[in-house]
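Here is my note on the model, point by point. Please read it with the structure open.

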Amino acid sequence: MSATLRVVVVGAGIVGAAIARALAREGCAVTVVDRGPAAGGTSAGGEGNLLVSDKEPGAELRLAQRSLASWLRIEDELRDELPEGFPGLELERKGGLVVATTEAGAAALEGFADAQRAAGVRAEPVDDARVRELEPDLTPHRTAAVLYLEDMQVQPVIATEALLAAARRHGALVRPGVEVTGPVLGRGGLVGVDTTDGVLLADAVVLAAGPWSGAVAERLGVVLPVAPRRGTVLVTSRMPRRVGHKVYDADYVGAVGSGAADLQVSSVVESTAAGTVLIGSSRERRGFDERIEARVLAALAAKALLLFPFLADVQVMRAYGGFRPFVPDHLPVIGPDHRLPGLWHATGHEGAGIGLSLATAEILRDQVLHGEDPSAAEFRLDRPTLLPHLGRAA
């Protein structure tokens, strides 16, 4: 393909932003469209997790390990690409601490960590004395703890804005408030999109609209099994830092991997660079229902107190929610759509989109420009675990 390849990226969240930057750096003519503002959807509702600790050995963990390596390079790269004085990413290499509070939970956590270590993850069991050193305010009622040194956190909106700014510096156009309304077909495939601001012709259309990807795909004439999965986060008032790491209970991994539609709640507690404490996490499949509900907030608070009892005396400043892009087999879709040449997908990361965005962009870039990437096969749309769902929405 030529260096003047025209690419339309649908979605100005962090995945779309990373793809736009990756392709624009290679000389592609990139246009990013989003019906709302940049970073106005799932990326704005996330905690900014860059994690390996919650991923079992397999394709998603390999993607996370690749992406974390890219996150370690991105600050230096953006420093070269953006004007002096552009805000930093608030990237914290804080590490994660996973805690079990029951004997059964301890056995499960230790077995999970053993498997991760075999896959190259730095997962270190820590004794009581070390836990007290790491998190002095953590509950004493615990049965096991594992420290994950590679886990990090980034401010997701700032990171998205930085990636989009870098894409612009490489010539990309970012057009918020432009919604895709239908396909432009020709030459046996997709040759552009019709939008609320006219037709955009393209050699490749990349669908990176997070939980809204299924609806956009339907407008383009294909079924994509991506559905919204609701999450809610509590935010405390600012305080001196009393939570040093991302701390979560061992049940969190099970909640992440569950496909259940009903409410799933586990304890995830972490401080931000601004001094607030974020309390999550919940998962529930209920469409695009945006209500903040007392039953969810109460469940989040109760779970958090099991890990950090001092939070009972802390004021909650606000709560917010968002939608994760859920895919039935819990793996993102990255690559071409075999049913509609010209259409590409980069979506379905559920709650891991921030962390996986950079590696997703690399895989998609290499496929679009060079036709292949060593990791691409694991995330293709026509993989066996997703094929049964291509005839219906998730």
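1. Start at an exposed site. R187 has a relative accessibility of 71%, so it counts as exposed, the cut-off being over 50%. Keep in mind throughout that this is a predicted model. R187 sits in the loop between strand 9 (180-186) and strand 10 (189-195). Its phi is positive, about 50°, although R187 is not a glycine. That backbone value deserves a look on screen.

2. G188 belongs to the loop between strand 9 and strand 10. Its relative accessibility is 69%, so G188 counts as exposed too. How far apart are the C-alpha atoms of G188 and E372? They are separated by 22 Å, with the two positions 184 residues apart along the chain.

3. A39 is another non-glycine residue with a positive phi, here about 55°. The residue lies in the loop between strand 2 and helix 2 (42-45). Is A39 buried or exposed? A39 has a relative accessible area of 6%, so it is buried. The cut-off for buried is under 20%. Please check the backbone here as well.

4. There is a cis peptide bond to inspect. It joins G280 and S281, and omega is about -5°. S281 is part of strand 16, which covers residues 277-283.

5. Now the chain as a whole. It has ten helices and 19 strands. The C-alpha trace spans about 65 × 50 × 40 Å along its principal axes. What radius of gyration would a compact globule of 394 residues have? The value would be near 21 Å; the chain has 21 Å, so the two agree.

6. Burial and surface come next. Of the 394 residues, 58% are buried. The accessible surface comes to about 15600 Å². Carbon and sulfur atoms hold 52% of that surface.

7. How much of the contact set links residues 24 or more positions apart? Among contacts with a separation of 6 or more, such pairs account for 75%. The next points give individual residues with partners elsewhere in the sequence.

8. A20 is in helix 1 (residues 14-25). Its relative accessibility is 0%, so A20 counts as buried. Outside its neighbours within four places in sequence, A20 touches V30, V32 and A167. A separate C-alpha distance is worth noting: A20 and L163 are 143 residues apart along the chain, yet their C-alpha atoms are separated by 8.1 Å.

9. T31 lies in strand 2 (residues 29-34). With a relative accessible area of 13%, T31 falls under the 20% cut-off and is therefore buried. Which residues does T31 contact, leaving aside neighbours within four places in sequence? They are V7, V8, V9, L173, R175 and L200.

10. A166 is in helix 6 (residues 156-169). At 0% relative accessibility, A166 counts as buried. Beyond its neighbours within four places in sequence, A166 is in contact with R21, L78, E81 and L82. The C-alpha atoms of A166 and L82 are separated by 6.1 Å, although these positions lie 84 residues apart along the chain.

11. Last, a helix pair. Two packed helices are described by the angle between their axes and the distance between the axes. Helix 3 (residues 59-81) packs against helix 10 (residues 353-370) at about 95°, with the axes 7 Å apart. That angle makes helix 3 roughly perpendicular to helix 10. The range for that description is 65 to 115 degrees.

12. Which residues make this contact? Helix 3 contributes E60, L63, A64, R66, S67, S70, W71, R73 and I74. Helix 10 contributes I354, G355, L356, S357, L358, A359, T360, E362, I363 and D366. By class, the contact residues of helix 3 with helix 10 are nine nonpolar, five polar and five charged.

Methods. Residues are numbered from 1 along each chain as its sequence is written. This is a predicted model: local features need pLDDT of at least 70, side-chain atom pairs count only at pLDDT 80 or more; totals for chains, interfaces and linings use all residues. Side-chain values use heavy atoms; hydrogens and water are left out. Axes are lines fitted to C-alpha atoms, for helices over the stretch in contact, and angles run from 0 to 180 degrees between N-to-C directions. Helices (H or I, at least four residues) and strands (E, at least two) are DSSP runs, numbered from the N terminus. Angles under 35 degrees count as roughly parallel, over 145 as roughly antiparallel, 65 to 115 as roughly perpendicular and the rest as oblique. Contact means heavy atoms within 4.5 Å. Ala, Val, Leu, Ile, Met, Phe, Trp, Tyr, Cys and Pro count as nonpolar, Asp, Glu, Lys and Arg as charged, and the others, Gly among them, as polar. Buried means under 20% relative accessible area, exposed over 50%, partly exposed in between (1.4 Å probe, protein chains only). The radius of gyration is taken over C-alpha atoms; the globule rule is 2.2 Å times the number of residues to the power 0.38. Accessible areas come from the Shrake-Rupley method with a 1.4 Å probe; for residues, only the protein chains shown count as cover.
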